[in-house]
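Thanks, everyone. I'll keep this brief. Please have the sequence and the model in view as we go.

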Amino acid sequence: MTRAQQTISLALLVTSLYLSLYLGLIPLPAVVQDEIIPVLPFWFLVTFGAWLLFRLGWGMLTFKDTPKAYAELMEEIKLAKADLRVRGVDVD
């Protein structure tokens, strides 16, 4: 099974479970059914966004820990600045 098939299968499973909860096919207490289940998609989006921001921040925080990538990026920045100077752009 390819990665795309796994992702689609998981998405269908989660969607089916959520719809069964939302439509009341799985019995839950009234408070949960009326107040929690309708906001689960928004909660998921906020949680997913926070996780992505954390991963981005952690990657930026630990970027210097990969000296080879850091040196490569610094070299590319120097080349770009030199190219822009040749074209008459003030970069500093």
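Let's start with helix 3. It has 22 residues, and at 1.5 Å a residue they should span 32 Å. The C-alpha atoms at its ends are 31 Å apart, so the two values agree. Keep in mind that this is a predicted model.

How many of the 22 residues of helix 3 are buried? The number is zero, so helix 3 lies largely in the open. Buried here means under 20% relative accessible area.

Now helix 1. Run the same check on its 20 residues. The expected span is 28 Å, and the end C-alpha atoms are 28 Å apart, which agrees. After helix 1 comes Gly-24, with a positive phi near 80°.

Next, the pocket. The largest one has a volume of about 270 Å³. Two elements each give two or more residues to its lining: helix 1, residues 3–22, and helix 3, residues 40–61. Which of them gives the largest share of the lining? That is helix 1, with five residues.

Here is the full lining. Val-14, Thr-15, Leu-17, Tyr-18 and Leu-21 are on the list, and so are Leu-40, Pro-41, Trp-43 and Phe-44. By class, eight are nonpolar and one is polar. Charged residues are absent from the lining.

Two glutamines next. Take Gln-33, in helix 2, residues 30–36. Is Gln-33 buried or exposed? Its relative accessible area is 17%, so Gln-33 is buried, given that the cut-off is under 20%. The side chain of Gln-33 reaches the backbone oxygen of Tyr-22 at 3.2 Å. What else does Gln-33 touch, leaving out residues up to four places away in sequence? Besides Tyr-22, the contacts are Leu-21, Gly-24, Ile-26, Leu-28 and Pro-38. Two of those names have come up already: Leu-21 is in the pocket lining, and Gly-24 is the residue with positive phi after helix 1.

Then Gln-5, which lies in helix 1. Its relative accessibility is 43%, so Gln-5 counts as partly exposed. The side chain of Gln-5 reaches a backbone nitrogen, that of Thr-2, at 3.0 Å. For Gln-33, the backbone partner was an oxygen.

One last distance. Gln-5 and Leu-84 are 79 residues apart along the chain. Their C-alpha atoms are separated by 45 Å.

To recap: helix 1 gives the pocket five lining residues, helix 3 has zero buried residues, and Gln-33 is buried at 17%. Over to you for discussion.

Note on methods
Residues numbered from 1 in each chain as written. Predicted model: local features only at pLDDT ≥ 70, side-chain atom pairs only at ≥ 80, totals over all residues. Heavy atoms only, no water. 1 Å grid on protein atoms, 1.4 Å probe; cavity = no way out; pocket = protein on both sides within 12 Å on 5 of 7 lines; lining within 4 Å. Points joined across faces, edges and corners; volume = space filled by probe spheres on them. Helix = DSSP H or I, 4+ residues; strand = E, 2+ residues; numbered from the N terminus. Nonpolar A, V, L, I, M, F, W, Y, C, P; charged D, E, K, R; others polar. Expected span 1.5 Å × (residues − 1). Buried < 20%, exposed > 50% of the residue type's maximum accessible area, 1.4 Å probe, protein only. Polar contact = N/O pair within 3.5 Å; in protein donor to acceptor, adjacent residues only side chain to side chain. Contact = heavy atoms within 4.5 Å.
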